[in-house]
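Student: I should like to work through this model by question and answer, with the criteria stated as they arise.
Tutor: Certainly; please begin once the structure is displayed.

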Amino acid sequence: MNKKHIRKEVIAHLTTLKQNEIDALKHSHGIYSDGADLDEESSLGYDDFAQQSQSTESAMNLEFRIKQAEENLEWFKNIQMDDTKGIQEGNVVVTNKVNFVIGLAFKDFQWNQENFVGISTNAPIFEALSGKKEGDHFNFNGIDYTIEEIL
C-alpha cells in the first residue's frame, strides 16, 4: 500500500470518528435542551428553575462545542494535501511511540492495529514536530520520539 493511500485511509477513519463525536454531542445537546423546557402548567419550585438554568447553560456550551467541531472538521476535510517533505496539516507522522494526524484534534484512536492521535497545529507537540523530517528525533514532555515516516 502506498503512502498516499495509507494517509487517505487514516484520515477517512479519523473524519468518521470525529463525525461520530459530533453526533454524540448533538444527542447530548438534545437531552439538555429538553431539560431546559419546563412544563408551565406544573407547580415549579426553586430546584426546578435551578435545574432549568443548569440545563440551558449546558445546552449553550454544547452548541458552541458542536459549532467549533463542525467547523474544524469541515476545514480539515478541505485541506489540500501536498507530498512535501515538511510536516503540515493533512500529514500523518509515524513515530516509534505514537502516530500523529496533523490538523484535527482528536483523542487516541486505532487504525490497522496502530495507535494514532489527532493534533491541531496549535497543540504544543506540533511545535516540537515542526521543521522535522524522517529520521529526526525530538523530545516532548520527557518522551523521546523518532520520526519514522511522514505520509
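Student: Does Tyr-145 count as buried or exposed, and at what relative accessibility?
Tutor: This is a predicted model, in which local features need pLDDT of at least 70, side-chain atom pairs count only at pLDDT 80 or more, and totals for chains, interfaces and linings use all residues. Residues are numbered from 1 along each chain as its sequence is written, and side-chain values use heavy atoms, with hydrogens and water left out. Buried means under 20% relative accessible area, exposed over 50%, and partly exposed in between, with a 1.4 Å probe and protein chains only. Tyr-145 therefore counts as buried, at a relative accessibility of 8%.

Student: With which residue does Tyr-145 form a stacked aromatic pair?
Tutor: Rings of Phe, Tyr and Trp (its six-membered ring) pair if their centres lie within 6.5 Å; planes under 30 degrees apart count as stacked, over 60 as edge-to-face and the rest as tilted. Here the centres are 4.8 Å apart and the planes lie at 10°. The partner is buried, with a relative accessible area of 6%. It is Phe-138.

Student: How many aromatic pairs does a search of the whole structure find?
Tutor: Phe-109 and Phe-116 provide one ring pair, with centres 5.5 Å apart and planes at 20°, so the pair is stacked. Ring pairs also link Phe-106, Phe-109, Trp-111 and Phe-116 into a cluster. For the whole structure, the number of aromatic pairs found is five.

Student: What is the relative accessible area of Phe-116?
Tutor: Its stacking partner Phe-109 counts as buried at 5% relative accessibility. Phe-116 is buried too, and its relative accessible area is 4%.

Student: In what order do the six strands form the open sheet?
Tutor: Strands (E, at least two residues) are DSSP runs numbered from the N terminus, and two strands pair if DSSP finds at least two bridges between them. The pairing in this sheet is mixed. Strand 3 (106–111) and strand 5 (137–140) each have a single partner strand, so they stand at the edges, with one side of each left without a neighbour in the sheet. The order is 3-4-2-1-6-5.

Student: Which residue in strand 6 does Val-93 stand opposite?
Tutor: Strand 1 (residues 92–95) and strand 6 (residues 143–150) run antiparallel and are joined by three bridges. The residue opposite Val-93 is Ile-150.

Student: Which residue in strand 2 stands opposite Val-92?
Tutor: Strand 1 also pairs with strand 2 in the antiparallel sense, over two bridges. A hairpin of three residues joins them. Opposite Val-92 stands Val-101.

Student: Which residues of strand 2 (residues 99–102) are buried on each face?
Tutor: In a regular strand the side chains alternate between the two faces of the sheet. Both faces of strand 2 are covered: on one side the buried residues are Asn-99 and Val-101, and on the other they are Phe-100 and Ile-102.

Student: Which residue in strand 4 does Asn-99 stand opposite?
Tutor: Strand 2 and strand 4 run parallel, joined by four bridges. Asn-99 stands opposite Phe-116.

Student: What is the phi of Asn-141?
Tutor: Most residues other than glycine have a negative phi. Asn-141 lies in the loop between strand 5 and strand 6 and is exposed, with a relative accessible area of 66%. Its phi is positive, near 50°.
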